[in-house]
Amino acid sequence: MKMVGISNLQRVHPTLTEPRLLFLIMDRSIWACFTLQTTSAVEKMPTCSAPYSHLPRRYRFLILFSIVIASFHVLSWDFWTLFNAMSNRQNRLPPLTLDGTTYEGGGGLIRYAIAYSSLLNRPVTIHSIRANRPGIGGLRPEHTAAIATLAELASAEVTGNLPASRQVTFNPHADSAVSAKHLPLEMDITVEGSASIFLIAMLPYLLFGHIAAHFNGFASRLNTNDGLRLTIRAGTLCVKAPSFPYLQQVLLPTLGLIGIGSENLKLEPEQEQGWHTENKKYPGKMVAWIKPLSKPLPAFILERRGKLQSIRVTAHVPRHAMKRFEEILHSEVGDTFKTRTEKFSLAVEMFASDPEDQYHLLISAATEAPKAYLGYEQVFPQSDVFPREIEGDVDKIAVLLVRSCIHGIWAELRRGNAVDEHAEDILVFYQSVASGFSSIIAPDNEVSVPEINLETSAIKSGSQYEVNVGSMHRQTSWWMVETMTGVRQETRHLGGKDRVGCEGFGLGK
């Protein structure tokens, strides 16, 4: 009876939490019992003009009590809706104002702010958005799309969400009309920018919104049974953003290591190639399926990377340059990863890029005992990474791009951690919401890389074209965690080693 009653009542009024729904079920049950008993007693009495006057006192009391209960039912829905709204306000943290120029001062700050705001039910205002950036500054179109989508997911009221806006206010779970409606099973969003960055921005709420709702006093619109199929029409191969292959080969397997597996997050293998680079901007398509977690995320420690098991090279190259690029790729990669003592698999896959002047290369590594997934990728052209004078020269582009990525993956393997620098930045959020101390890096994890021939030209000459995420992004991430949740980055000595991480606040615990 409990399950059926709660299910039916939640369809009628999804903003009510389970304890209040149980009270209403008990209330209606009592009313029904009293009514049934009174009706039975009246049927047994002889017919007269005033039958209730002949009833025993206990039955007259039952009739009066039933009338009171029935009257209360007329007002019960509105009463509990009001009570629920008042409870939400009491559970809320005070509004927060953030300076949009802090540390890196870019889109990452905005994405973290609205994600935590939605999960913690805490209004947030961001001012001076990207004011330290060249040009117009303010919100870019991809930021406004992320804010608008999360506002729909979290039934938020938003002001200032316009391109070039320097200030935005995000007030989650404030639109009661939207809160009462379930989300559709599918959403189709067009974004100017990176599809991966957009997905990464949506994941915190889509994964944790259900358990956060009970924890922080708001109604979740997420479908906990069927999940959400999210189609993102945006760039899948972008400058300074994870590609679709990177998500497939590195990020999702890494999330699987911390307890977020295919039962909660999947990417459809079929995708449409799209680019967002310095001179090419047109959308492709990426489709993800996300099902909310039903329980809090346990604490996790990814100790280190294990022995190299496989190297996978994924290249997108203009059709006219594919043959020559593949020859150079095999030569450079073969020389670098060719050793006498180490055994691992090497796979190369080539795809024709639609534009005639765009190149993308990802080198990913998988290790075992313990497992780890690392990656490094680059896109050409990039005026702040590769010299402009090599444009149009397939041989020079191939050599510099391949050596850049070889040197980058070597640096990631050398660090010895179970995550690369891209994933390290993304996993800051997941450490903060886990139940207990979580860590993914250690300063003394650095190891030699016997799987790579250090005497090759790719290692010796590739460093000048290696570009990592940089500390400013991580500083922004950790600052946002501390500001929004009070969780601080710390170092603990565990298992004979200093681990860098944080004591997560246990979202939903």
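Ser-128 counts as partly exposed because its relative accessibility is 27%, where partly exposed covers the range between buried, under 20% relative accessible area, and exposed, over 50% (1.4 Å probe, protein chains only). Ser-128 is found in the loop between β2 and α5 (141–153), and its phi is near 55°, a positive value in a residue other than glycine. Helices (H or I, at least four residues) and strands (E, at least two) are DSSP runs, numbered from the N terminus.

This is a predicted model, in which local features need pLDDT of at least 70 and side-chain atom pairs count only at pLDDT 80 or more, while totals for chains, interfaces and linings use all residues. Residues are numbered from 1 along each chain as its sequence is written, and side-chain values use heavy atoms, with hydrogens and water left out.

**Backbone exceptions**

Most residues other than glycine have a negative phi, and most peptide bonds are trans. Asn-121, which is not a glycine, has a positive phi of about 60°, and it is found in the loop between α4 (107–120) and β2 (124–127). Asn-121 counts as buried because its relative accessibility is 1%. Two cis peptide bonds are set out in the table below, together with the loops that hold their prolines.

| Cis bond | Omega | Place of the proline |
|---|---|---|
| Ala-369 to Pro-370 | near 0° | loop between β14 (359–368) and β15 (372–380) |
| Phe-380 to Pro-381 | about 5° | loop between β15 and α10 (394–415) |

**Strands around β4**

In a regular strand the side chains alternate between the two faces of the sheet. Along strand β4 (residues 168–171), Val-168 and Phe-170 point to one face and are buried, whereas Thr-169 and Asn-171 point to the other and are not. Two strands are said to pair if DSSP finds at least two bridges between them. Strand β4 pairs with β2 in the antiparallel sense over three bridges, and Val-168 in β4 is the bridge partner of Ile-126. Strand β3 (residues 157–159) also runs antiparallel to β4, to which it is joined by three bridges, and here Thr-169 in β4 is the bridge partner of Thr-159.

**An open sheet and its helices**

Four strands form an open sheet in the order β13-β12-β14-β15, with mixed pairing. Its edge strands are β13 (345–353) and β15, each of which pairs on one side only. From one strand to the next the twist averages 10°, where axes are lines fitted to C-alpha atoms, for helices over the stretch in contact, and angles run from 0 to 180 degrees between N-to-C directions. Strand β12 (residues 307–318) pairs with β13 in the parallel sense over nine bridges, and the bridge partner of Ala-315 in β13 is Met-350.

Which strands does helix α8 (residues 244–257) lie across? Helix α8 lies across β12, β13, β14 and β15, and runs at about 155° to β15. Helix α9 (residues 322–336) lies across β12, β13 and β14, and runs at about 160° to β13.

**The protein as a whole**

The protein has 13 helices and 18 strands, and buried residues make up 53% of its 509 residues. Among its contacts (heavy atoms within 4.5 Å), those with a separation of 6 or more are 78% between residues 24 or more positions apart. The accessible surface of the protein, found by the Shrake-Rupley method with a 1.4 Å probe, comes to about 23,100 Å², of which 54% belongs to carbon and sulfur atoms.
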